[in-house]
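User: Please take a close look at one part of this model, namely the helix packing and the side chains around it. A connected account would be preferred to a list.

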Amino acid sequence: MTTVKRTLDDLTLVPWPEIKDCAGPASVIPSLLTTVARGDEPAATSALAQLRDRVCRYGFVVDQATAPTVPFLWDLVQLPHLGCRARILHLLDEIAHARQWETTAATYPKLLHYPEDYVGWERAAREAVRAGRAVLDALLADPTTAADPDLARAATDLATTLSG
């Protein structure tokens, strides 16, 4: 799967109502991403928590909507006015670590024959995170990142994950 770079202007290009996230139809994802982008800290924090529950439940279970959401997360992390950029990087790190379905399929191969492509969705999500490496490298090279210890730590942690 090739990951397409997307900006928030491209939210309508994804058929959100036709795909599912960890909570059901993914049609709420665009409004959550938009709320995060506005930068109002309490609203953004709440929206990001809801988004995490939908695209990386429990910090390790991803679903069909995760990979299409990741490019928008990379777009958000580039917005300097957001106070939750470190939390976005933590979410990307959790997605990059997700191996729930792959691990389950190793012991229960019938999972690979389900109509839902859980393992494929998980791999696509990890690939989408890796596709944003240039954004992460630019963030790590930005001197303002070092001025925010939480952001710098989250960026370094994700870089370590992506290097492994």
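The request concerns helix α6 (residues 118–131): which residues of α4 and α6 make the contact between them, and which residues in α5 meet α6?

Analyst: The account below starts at α6 and then moves outward to the cores and the other helices. The model is a predicted one, and every value given here is computed from it.

Helix α6 spans residues 118–131. Helices α4 and α6 pack at an angle of about 135°, with their axes 8 Å apart. Because angles from 115 to 145 degrees fall outside the parallel, antiparallel and perpendicular classes, α4 is oblique to α6. The crossing of these two helices is left-handed. On the α4 side the contact is made by Leu 92, Ile 95 and Ala 96, and on the α6 side by Ala 125, Arg 126 and Val 129.

Helix α5, covering residues 100–107, also packs against α6. The axes of α5 and α6 come within 8 Å and cross at roughly 145°, again in a left-handed crossing. Here Gln 100, Trp 101, Glu 102 and Ala 105 in α5 meet Tyr 118, Val 119, Glu 122, Arg 123 and Arg 126 in α6.

Arg 126 therefore appears in the contact with α4 and also in the contact with α5. Its own contacts, leaving aside neighbours within four places in sequence, are with Ile 95, Ala 96, Ala 98, Arg 99 and Glu 102. Arg 126 has a relative accessibility of 11% and so counts as buried, the limit for that class being under 20%. Thr 104, which also lies in α5, has a relative accessibility of 27% and is therefore partly exposed. The C-alpha atom of Thr 104 is separated by 31 Å from that of Ser 46, a residue 58 places away along the chain.

The beginning of α6 also holds an aromatic pair. There are three aromatic pairs by the rule applied. In one of them, the rings of Tyr 58 and Phe 60 have centres 6.1 Å apart and planes at 35°, so this pair is tilted. Tyr 118 and Trp 121 form an edge-to-face pair, with 5.4 Å from centre to centre and 80° between the planes. Because Tyr 118 and Trp 121 are three residues apart in α6, about one helical turn separates them. The surroundings of the two pairs can be set side by side. Tyr 118 is buried at 15% relative accessibility, and Trp 121 is buried at 15% as well. Tyr 58, by contrast, is exposed at 58%, while Phe 60 is partly exposed at 36%.

Attention now turns to the nonpolar cores. In soluble globular proteins, nonpolar side chains tend to be buried together. The largest nonpolar core in this model has 48 residues, and Trp 74, Ile 88, Leu 89 and Ile 95 touch the most other members. Helix α6 is among the elements that give two or more residues to this core, together with α1 (29–38), α2 (41–55), α3 (66–77), α4 (85–97), α7 (133–141) and α9 (149–163). A second, separate core of eight residues includes Cys 22, Leu 111, Val 119 and Trp 121. Trp 121, already described in the edge-to-face pair, thus belongs to this second core.

Within the largest core, Trp 74 touches Leu 89, Leu 92, Ala 128, Val 129, Gly 132, Val 135, Leu 136 and Leu 158, when residues up to four places away in sequence are not counted. Two of these partners, Leu 136 and Leu 158, recur where α7 meets α9.

Helices α7 and α9 pack at an angle of about 140°, with axes 10 Å apart, which makes α7 oblique to α9. Their crossing is left-handed. From α7, the residues involved are Arg 133, Leu 136, Leu 139 and Leu 140, and they meet Leu 151, Ala 155, Thr 156, Leu 158, Ala 159, Leu 162 and Ser 163 in α9.

Finally, Leu 51 gives a view from helix α2. Leu 51 is buried, with a relative accessible area of 0%. Apart from residues up to four places away in sequence, Leu 51 touches Ile 29, Leu 32, Leu 33, Cys 56, Thr 69 and Leu 73. Between Leu 51 and Lys 20, which are 31 residues apart in sequence, the C-alpha to C-alpha distance is 13 Å.

Terms used
Residues numbered from 1 in each chain as written. Predicted model: local features only at pLDDT ≥ 70, side-chain atom pairs only at ≥ 80, totals over all residues. Heavy atoms only, no water. Helix = DSSP H or I, 4+ residues; strand = E, 2+ residues; numbered from the N terminus. Buried < 20%, exposed > 50% of the residue type's maximum accessible area, 1.4 Å probe, protein only. Contact = heavy atoms within 4.5 Å. Phe/Tyr/Trp six-rings, centres within 6.5 Å; stacked < 30°, edge-to-face > 60°. Core = buried A, V, L, I, M, F, W, Y, C linked by side-chain atoms within 4.5 Å. Axes fitted to C-alpha atoms, helices over the stretch in contact; angles between N-to-C directions. Parallel < 35°, antiparallel > 145°, perpendicular 65-115°, else oblique. Left-handed = near helix turned anticlockwise from the far one by under 90°.
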